[in-house]
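Biologist: I should like to discuss the charged pairs and the strand pairing of a model. Please show the sequence and the structure before we begin.

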Amino acid sequence: MEPGQEDDPNSGGPQGGPPGAHVRKLSLYESLADSLKDEIRGQRVPTGAVLLEGPLAELFGTSRAPVRQALRILADEGLISRFDGRGFVVGPSGTAPIRANLAEILVDLAAQQEERPSFAWQTIYEEVESQVVYRSFFGRLRVNELELARHYGVGRTVARDVMLRLETLGLIEKDDASRWSIVPLDNRRLSDLYEVREHLEPLALGGALERLSDAEIGAMLDRHLEALAQYPNVTAATMYDLELDLHVRCVQRSPNQELVKILQRTHCVLTLSKHTVGIRVAMPDHEPFMGEHISAFRTMLRRDREGLQLVMRSHIHGSLAKVMERAETVRHGPPPARLSYFT
């Protein structure tokens, strides 16, 4: 499967299984987070050990981005905390840092990561996607494929796979001269994307309803109910994963794959919140999408196709103002730093 095909944008790309597969494979950062949790809970990593992005990325043979996201998950769950120094310390706030040779402690874990089936483009994708999404709020920029490869020390093929994935999600596009550029996420484009979603996503979900079992829908509903009960003590990664349940995993089950392909180009609006909420935009006191998703799943369990389409149109229509507000907040923040592969 090519990087541009239908797939959960956060499932680790082509490893994520065929469209509509109920069990998805973990993304790289989720795999790292789960592995580090096991090491910490099993006390193989001692309390007080200092975790730094750079050394961990080198140890696991990846870029810093998936390590950064994995550490953020561990911090949100209280397994590690900030201290008066760089990185995180294992343990709650106030834990005294100690000297620990992580390369020695985590040698078996590093070997497991090396054996994990992976595509080279995955190791840099999350970081590049984050940089592209951030810049999309500030206008159109060229993305130089060769400079991207040089910046991350990867081959041209790896860089091209990353570009193809970004293109599939509607984040970048090629001009007539085959030059890549960021597609700006201005208010006009956001409005157009939501108009497409409002008309087509309810149709796709209506068709998908016959292919979704009660067990699958129930599992998604339970995940939402659990997250809603814990809010705001949920991670940005969890919130993004909940968005994928309804707007990607369910939609992909539609028998009309032409609709699915068209809707893929609207997925850039999902990545917007993924890379901004809790990072560049404060977590809201109340996040309505979880309750609206819950309403959609309950309507699906009743097998009410018309009711589902009405719920979805209302949900998507009402989300536009919130997304525009978040985009405006980012635009009024600090401009992105210069990187060699953007011109």
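Biologist: Is Glu129 buried or exposed?

Modeller: In this predicted model, local features need pLDDT of at least 70 and side-chain atom pairs count only at pLDDT 80 or more, while totals for chains, interfaces and linings use all residues. Residues are numbered from 1 along each chain as its sequence is written, and side-chain values use heavy atoms, with hydrogens and water left out. Buried means under 20% relative accessible area, exposed over 50%, and partly exposed in between (1.4 Å probe, protein chains only). Since the relative accessibility of Glu129 is 0%, this residue counts as buried.

Biologist: Which residue meets the side chain of Glu129 in a salt bridge?

Modeller: A salt bridge requires a side-chain nitrogen of Lys or Arg within 4 Å of a carboxyl oxygen of Asp or Glu. For Glu129 the N to O distance is 2.8 Å. The partner is itself buried, with a relative accessible area of 8%; it is Lys274.

Biologist: How many residues apart in sequence are the parts that this pair, Glu129 and Lys274, ties together?

Modeller: Helices (H or I, at least four residues) and strands (E, at least two) are DSSP runs, numbered from the N terminus. Glu129 belongs to helix 6 (residues 122–136) and Lys274 to helix 13 (residues 268–274), so the parts tied together are separated in sequence by 145 residues.

Biologist: Where does Arg253, the salt-bridge partner of Glu216, lie?

Modeller: The closest N and O atoms of Arg253 and Glu216 are 2.8 Å apart. This pair links distant parts of the chain, 37 residues apart, with Glu216 in helix 10 (residues 214–230). Both residues are buried. Arg253 lies in the loop between helix 11 (236–250) and helix 12 (257–264).

Biologist: Arg44 forms a salt bridge with Glu39; which of the two residues is buried?

Modeller: The closest N and O atoms of this pair are 3.2 Å apart. Arg44 has 45% relative accessibility and therefore counts as partly exposed. The relative accessible area of the partner is 12%, so the buried residue is Glu39.

Biologist: Which strands stand at the edges of the open sheet with the order 4-6-5?

Modeller: Two strands pair if DSSP finds at least two bridges between them. The sheet has three strands with antiparallel pairing. Each edge strand has a single partner strand, so one side is left without a neighbour in the sheet; these are strand 4 (142–143) and strand 5 (172–174).

Biologist: Which residue in strand 6 stands opposite Glu173?

Modeller: Strand 5 pairs with strand 6 (residues 180–182) in the antiparallel sense, over three bridges. Opposite Glu173 stands Ser181.
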